[in-house]
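Open the model in your viewer and keep the selection box ready. The stops below each say what to select and what is there.

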Amino acid sequence: MTNSKTIPATLIPGDGIGPEIMDSVVEILDAVGAPFAWERHIAGMAGVDAVNDPLPKDTIESIRKTGLALKGPLTTPVGGGFKSINVTMRQEFELYANLRPTKTIIPGGRYENINLVIVRENLEGYYAAMENTIPANGDPKGIALSGGYVSRKECERIVRFAFEYAVKNDRKKVTLVHKANIIKQMCGMFLEAGRKVAAEYKGKIECDERIVDACSMQLVTNPWQFDVIVTTNLFGDILSDQAAGLVGGLGMAPGANIGEKTAIFEAVHGSAPDIAGKGLANPLALLLAAVMMLRHVNRDDLADRIDTAITKLITGGEVRTRDLGGTASTQDLTAALKQAIS
Ligand code: NAD
């Protein structure tokens, strides 16, 4: 096993707290000898400031070439006709699966031993942004319309992704989450495709179903019953933030956007402009995203070392950032983590 930097990967520090937490994460990755040969690029406000483009061509080309990126949070410029950068990236690289693991790391909270994964369809549904207004009640824009769509191909692909994830990660059950009782066409197609794919895994991975509102309630009353949840875009967006709330909030929530050729790893939180530059940011969500990235390139050995160090440090409780009730700075936490790595 070599520790040289042999895997090209794009690194986007991001905006706001992005550069601070990315520095911390790169320090930890270096401490375990992670194999990434970084190509540093900009996006978000950094891109707008430098070349008036939130997603510069060089950045896109680098990601296309490496097929692998670690991305800090990006500030979506308000107004000026800029489209959401995250949505653009998902479409550009056909990142059809959004993977959000939710695991208890901080002991003593309301929910111990949570360990579930939400797989969200990332390209279709109501994120298709088929929106319009039409006149009504004497108001030229009296009615607002919003539509969405799903394709059978994408429904099958995302459910298959969830089952394959379950097989590879020793998970036992996949829950199909839908609203097919009301949204009969769109959610109906998702459910039908889900059942078809589930049949292929019969005997290997258990499958059950929930209507999204019931699932949301059960995530609060008995989250331990869930293992892998797979659902359409908007439901996945909401449920995964809800799940993050069970385990200490967005400062602890990593995510991955995965396509056939490209995977982009990131923290779920945003650029936190209120604390940017103050050394207060918690780097753990981005670090956990980097851990997912190590597993993606089959370096579970290094991922396990970082995971163990995080658990040791957080369980010890002395070194925590402000969002976790502590007083440590980003740098204090980074230094303590480096020490905790064996
Ligand atoms: P946010 O996640 O940036 O901040 C919400 C709250 O959580 C703030 O009080 C912030 O200080 C705190 N927080 C977030 N991350 C933290 C961390 N690592 N450590 C400690 N505290 C943390 O959400 P927002 O304020 O709604 O969004 C700010 C900007 O980020 C917006 O421009 C938004 O578009 C963008 N955003 C980007 C992404 C992304 O790039 N993936 C995701 C969400 C929001």
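**First stop: a pair of strands**

Select Pro 254 and Ala 267: Ala 267 in S12 is the bridge partner of Pro 254. Before going on, note that this is a predicted model. Now select the strands on both sides of that bridge. Strand S11 covers residues 254-258 and strand S12 covers residues 263-267. They pair in the antiparallel sense, over five bridges. Together S11 and S12 form a hairpin, with four residues between them.

Stay on S11. Is this strand mostly covered or in the open? Four of its five residues are buried, so S11 is mostly covered.

S11 also has a partner in S4. The two strands pair in the antiparallel sense over three bridges. Select Leu 99 to see one position of this kind: Leu 99 stands opposite Ala 256 in S11.

**Zoom out: the whole chain**

Show the full chain as a cartoon. Eleven helices and twelve strands make it up. The radius of gyration is 20 Å, close to the 20 Å that the globule rule gives for 342 residues, so the chain is as compact as a globular protein of that length. Along the principal axes, the C-alpha atoms fill a box of roughly 60 × 50 × 40 Å. Of the 342 residues, 46% count as buried. Now think about contacts between residues at least 6 apart in sequence. Among these, 73% join residues at least 24 apart.

**Colour the two domains**

Colour 1-100 and 248-342 as domain 1, then 115-246 as domain 2; this is the domain assignment of the chain. Their C-alpha centres lie 26 Å apart. The contact between them takes 14 residues from domain 1 and 16 residues from domain 2.

Which elements supply at least two residues each of the side of domain 1 that touches domain 2? Select helix H4 (85-92) and strand S4 (97-103) to see them. S4 gives the largest share of that side, four residues. By class, this side of domain 1 has eight nonpolar, four polar and two charged residues.

**The ligand**

Select the ligand and show what surrounds it. The shell holds 20 residues, and the closest are Thr 75, His 269, Gly 270, Ala 272 and Asn 282. Colour the shell by class. You get nine nonpolar, eight polar and three charged residues.

**A strand in the open**

Go to strand S6, residues 125-136. Only a single residue of its twelve is buried, so S6 lies largely in the open. Add strand S7, residues 139-149. S6 and S7 run antiparallel, joined by seven bridges. Pick Thr 133 to find one of the paired positions: its bridge partner in S7 is Ala 144.

Next, select Asn 137. This residue lies in the loop between S6 and S7. The hairpin has two residues between the strands. What is the phi of Asn 137? Phi is near 55°, a positive value in a residue other than glycine. Most residues other than glycine have a negative phi. Asn 137 counts as exposed, with 6 C-beta neighbours inside 10 Å.

Move to Asp 170 for another positive phi, here about 55°, in a residue that is not a glycine. Asp 170 sits in the loop between helix H5 (152-168) and strand S8 (173-178). With 6 C-beta neighbours inside 10 Å, Asp 170 counts as exposed.

**Two arginines**

Select Arg 120, in strand S5 (residues 115-121). Is Arg 120 buried or exposed? It has 27 C-beta neighbours inside 10 Å, so Arg 120 counts as buried. Leave out residues up to four places away in sequence, and Arg 120 touches Asn 98, Arg 100, Thr 231, Asn 233, Gly 236, Asp 237 and Ser 240. Add Tyr 96 and draw a distance: the C-alpha atoms of Arg 120 and Tyr 96 are separated by 8.4 Å, though 24 residues apart along the chain.

Last, select Arg 305 in helix H10 (residues 300-316). Arg 305 is buried, with 20 other C-beta atoms within 10 Å. Beyond its neighbours within four places in sequence, Arg 305 is in contact with Val 32, Ile 341 and Ser 342. Finish with a long line across the view, from Arg 305 to Ile 211: 38 Å, C-alpha to C-alpha.

Terms used: Residues are numbered from 1 along each chain as its sequence is written. This is a predicted model: local features need pLDDT of at least 70, side-chain atom pairs count only at pLDDT 80 or more; totals for chains, interfaces and linings use all residues. Domain bounds come from an automatic or database domain assignment. Two residues are in contact if their C-beta atoms, placed from the backbone, lie within 7 Å. Ala, Val, Leu, Ile, Met, Phe, Trp, Tyr, Cys and Pro count as nonpolar, Asp, Glu, Lys and Arg as charged, and the others, Gly among them, as polar. A residue is near a molecule or strand if its C-beta atom, placed from the backbone, lies within 6 Å of it. Two strands pair if DSSP finds at least two bridges between them. The radius of gyration is taken over C-alpha atoms; the globule rule is 2.2 Å times the number of residues to the power 0.38.
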